[in-house]
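Reader: Could you walk me through how to read a few features of a model, giving the general idea before each case?

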Amino acid sequence: MLWSGCRRFGARLGCLPGGLRVLVQTGHRSLTSCIDPSMGLNEEQKEFQKVAFDFAAREMAPNMAEWDQKELFPVDVMRKAAQLGFGGVYIQTDVGGSGLSRLDTSVIFEALATGCTSTTAYISIHNMCAWMIDSFGNEEQRHKFCPPLCTMEKFASYCLTEPGSGSDAASLLTSAKKQGDHYILNGSKAFISGAGESDIYVVMCRTGGPGPKGISCIVVEKGTPGLSFGKKEKKEETLREDLVLATSLSNGRRVVPFASLIKNKVKLIGDDCGYFSNPRRTLSSCGSKSWVLKPIPHRLPSPGKAALPAGLLGNHAVPDFCQVGWNSQPTRAVIFEDCAVPVANRIGSEGQGFLIAVRGLNGGRINIASCSLGAAHASVILTRDHLNVRKQFGEPLASNQYLQFTLADMATRLVAARLMVRNAAVALQEERKDAVALCSMAKLFATDECFAICNQALQMHGGYGYLKDYAVQQYVRDSRVHQILEGSNEVMRILISRSLLQE
């Protein structure tokens, strides 16, 4: 599929913006030659890269700002990307994937991210979900789920993080209890990219005891009764009554769907219920189950409103999400209430879910680091162009030696990060023993350095860089979260040090 895309798009390079045109032409040297991302690639990889850069420049970059400001999920453009093979880059060809390597994938995602980092990041998560099904699913599951994912007729979301379990993913609480030929899921997931829009949810849930060995992987399809989503809309003050922080007098605190309290006839008590429209609402008591409830606010109350209830700050809650960046992909809570899913939708065996999650994240870290590379590369080029055009004190900024040195440092850190990411991608493809540590190193170094590059680029644009008319600020906002997700960079340090200390 990807080669057909190369044939259609490979020759159409003439009208690209100047900076990007240099990136997709081989045999030309210019001011960007020292950071040329095609260096070290074979001819096939250069063709893939050309296609991705061309698509990014034509279909993504012109729309990037609008998608961000209007919070649009660009379904049609992503499906065009899938026609080029980008919906299943490293998925096997027998189920519609492109069958490319991890290095090829990194090259493609870096190129796409120059056009829109946020959208490319979602595409990378979608690919990771499809890979999990392709790698750990049985033949029936692979042929059922993967083909529509590779064409992006259907979209996928990865559901691991919960309100109370982020870095400590093995402590997740979403349960899946087996009843006959179905699992009954209850719980909630937080910060899920694509939630509400995606059709396939790859869910890590607890089918056994505590710890990683009690976790299984189940595919939940959109429309399944009991599956619902948190709200996405921005509001001045959103007070959620569908999700509340419940403190049991006997069982501690947890986030629960309000509807489940009604269903279980749980009694609401305490003055801390004051944020509800009907704070004294009392339901029939069910045994000794009495809960003190606190609704989960979207943000701090407006001036003149009462202060937050004591103890609410710092609790792990599921808010309506209004993000700094990544606005071209919806982010919502995913909620399961007696959600019945066929046992046939379990990927792998019971208790294998945490292994599947970790294996998927190793690749996800390379993918997200590659998106950071794209944002940083675009920022360096924008900065170079700005320095050549902008004049202060009667001469271009490019003549200022301090700014020259700073640009040189940015370029050096970019190339170093790229080499580290590509080295880790090869190690992962070859299933080397050091792959986990190298992927962690690459994610840590690349996302830290690339965010610093984008941030420095904004600084060198001066006040203009802080305007939304200038793309550099969006690269800053969209790349910042890469230091947090797919395993925070603090967790990357744990994995790296553990690898060293266990030798």
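Author: A patch gathers residues with over 30% relative accessible area and no salt bridge (a side-chain nitrogen of Lys or Arg within 4 Å of a carboxyl oxygen of Asp or Glu), joining like charges within 9 Å and nonpolar side chains (Val, Leu, Ile, Met, Phe, Trp, Tyr) within 5 Å. Here Y464, L467 and Y470 form a nonpolar surface patch with about 250 Å² of accessible area together, by the Shrake-Rupley method with a 1.4 Å probe, where for residues only the protein chains shown count as cover. This is a predicted model, in which local features need pLDDT of at least 70 and side-chain atom pairs pLDDT 80 or more, while totals for chains, interfaces and linings use all residues. Residues are numbered from 1 along each chain as its sequence is written, and side-chain values use heavy atoms, leaving out hydrogens and water.

Reader: Is N362 buried or exposed?

Author: Buried means under 20% relative accessible area, exposed over 50%, and partly exposed in between (1.4 Å probe, protein chains only). N362 has a relative accessible area of 5%, so it is buried. It lies in helix α10 (residues 353-389), helices being DSSP runs of H or I with at least four residues, numbered from the N terminus. Beyond its neighbours within four places in sequence, N362 is in contact (heavy atoms within 4.5 Å) with L428, V436 and C439.

Reader: Which helices do the buried residues of α13 pack against?

Author: Eight of the nine residues of α13 are buried, among them Y475 and R477, and the buried residues pack against α4 (64-70), α6 (102-113), α7 (117-136), α10 and α12.

Definitions and conventions
Helices (H or I, at least four residues) and strands (E, at least two) are DSSP runs, numbered from the N terminus.
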